[in-house]
Amino acid sequence: MSRPPFITLPGCARAHRLRTARGEFAVHDARPEGAARGTVLLVPGFTGSKEDFIALLEPLARAGFRVVAVDGRGQHETGGPRDEGAYAQQELARDVLAQAAALDARANTTGITADTADATAERSAPLHVLGHSLGGLVVRTAVMMAPDTFASLTLMSSGPAAISESQQARTKLLIDALAVTDMETVWQAMRELDPPEAPEESTPPGVEDFLHQRWLGTVPEQLIATGRQLNSEPDRVAELAGVALPKHVLSGIVDYAWPVPLMDDMADRLGARRTVIQGAGHSPNAERPLPTAEALIDFWRGVDRDS
């Protein structure tokens with residue numbers, strides 16, 4: 001479970017609901033002071049939410065990007081049906097495409113006069129997409145469904161196929177528990193099995209309560225359906241490699257869901273940029289946000305230069 005380092009939005013960001021053709025999604029939306037050089041759509045992972053990216057909002061906005069982190073269907077503050085079929089991977093990918101359409105990256109023209117807005121936006125506001133963990137599997141499906149939607153793809157701590165066997169076993173235990181037990185009981189059981197990732201005295205105020213409330217706000221069928229995806233995902237790297245889009249594979253130095261050598265190999269097969277964030281594990285966005293932001297900014301600026 002990704003643990004954000006804090007939960008207070010920076011001054012450049014606001015929380016609101018993004019209206020799309022597939023419903024409304026809770027988002028954190030950070031804006032640069034002037035015209036945006038691009039828009040970034042951030043898609044969270046299994047058991048995650050938009051808050052997992054909260055420490056990236058300010059540095060990315062300061063670099064000139066509009067940043068939109070989203071709660072997916074059935075996650076935290078975005079509702080969803082009590083039907084596992086609603087969380088099939090292609091359905092979640094279609095949600096990402098609807099979010100991209102609603103953002104309308106070409107309209108990021110803050111500070112530009114009306115006379116020049118359209119022409120300038122066309123040149124300066126590409127739409128980049130990033131998926132963390134499970135979110136990486138979802139966004140790669142979205143990219144393969146509609147590659148012209150995006151200027152680049154970043155897979156963060158997300159691998160080529162199913163998660164490791166040890167993590168598959170843990171995920172299956174969770175799926176089995178969710179099928180017969182309420183969310184609060186499962187939460188208490190998880191707290192007993194997994195002690196806090198950091199000493200209680202070093203946990204920022206409100207984060208533990210947030211994690212609990214996020215868990216209770218997530219639709220159990222979403223977790224069951226996406227957990228099964230993590231355990232059975234096929235290798236689609238060759239298919240993704242055929243999409244002519246700049247790609248970036250970013251991770252920490254250790255990862256128990258997808259071992260780092262697997263992500264190294266995936267990056268080679270994709271012809272992607274490869275970044276390893278020192279001192280980070282499965283959630284470099286939360287564990288080492290500043291070097292993660294720097295790596296992302298450098299990649300997106302390179303995409304801009306090459307386009």
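Is T47 buried or exposed? The first of these close-up views of a predicted model takes up that residue.

**View 1. T47 in the loop between strand 3 and helix 1.** Strand 3 covers residues 38-43 and helix 1 covers residues 54-62, with T47 in the loop that joins them. T47 counts as buried because its relative accessibility is 11%, under the 20% limit. The backbone of T47 has a phi near 65 degrees, which is a positive value in a residue other than glycine. Most residues other than glycine have a negative phi.

**View 2. S133 in the loop between strand 5 and helix 4.** The flanking elements are strand 5, residues 127-132, and helix 4, residues 134-145. For S133, phi is near 60 degrees, again a positive value in a residue that is not glycine. S133 has a relative accessibility of 8% and therefore counts as buried.

**View 3. Q89 in helix 2 and its contacts.** Helix 2 spans residues 89-103, and Q89 belongs to it. With a relative accessibility of 12%, Q89 is classed as buried. What does the side chain of Q89 make a polar contact with? The partner is the side chain of T141, at 2.6 Å. T141 is also among the residues that Q89 touches, a list that leaves out residues up to four places away in sequence. The others in that list are L137, V138, Q229, E233 and R236.

**View 4. S164 in the loop between strand 6 and helix 5.** Strand 6 comprises residues 152-156 and helix 5 residues 165-180, and S164 is placed in the loop between them. The relative accessible area of S164 is 15%, so S164 is buried. Leaving aside residues up to four places away in sequence, S164 touches Y256, A257 and P259. One of these, Y256, is also part of the nonpolar surface patch shown in the next view.

**View 5. A nonpolar patch on the surface, formed by I253, V254, Y256 and V276.** Together, these four residues have about 370 Å² of accessible area. I253 is found in the loop between strand 7, residues 247-252, and helix 10, residues 260-270. How is I253 classed by its relative accessibility? At 44%, I253 counts as partly exposed, because that class lies between the 20% and 50% limits. Within the patch, Y256 provides the link to the previous view, where Y256 is touched by S164.

Conventions. Residues are numbered from 1 along each chain as its sequence is written. This is a predicted model: local features need pLDDT of at least 70, side-chain atom pairs count only at pLDDT 80 or more; totals for chains, interfaces and linings use all residues. Side-chain values use heavy atoms; hydrogens and water are left out. Helices (H or I, at least four residues) and strands (E, at least two) are DSSP runs, numbered from the N terminus. Buried means under 20% relative accessible area, exposed over 50%, partly exposed in between (1.4 Å probe, protein chains only). A polar contact is a pair of N or O atoms within 3.5 Å; within protein, one must be able to donate a hydrogen and the other to accept it, and residues adjacent in sequence count only if both atoms are side-chain atoms. Contact means heavy atoms within 4.5 Å. Patches are made of residues with over 30% relative accessible area and no salt bridge: like charges are joined within 9 Å, nonpolar side chains (Val, Leu, Ile, Met, Phe, Trp, Tyr) within 5 Å. Accessible areas come from the Shrake-Rupley method with a 1.4 Å probe; for residues, only the protein chains shown count as cover. A salt bridge is a side-chain nitrogen of Lys or Arg within 4 Å of a carboxyl oxygen of Asp or Glu.
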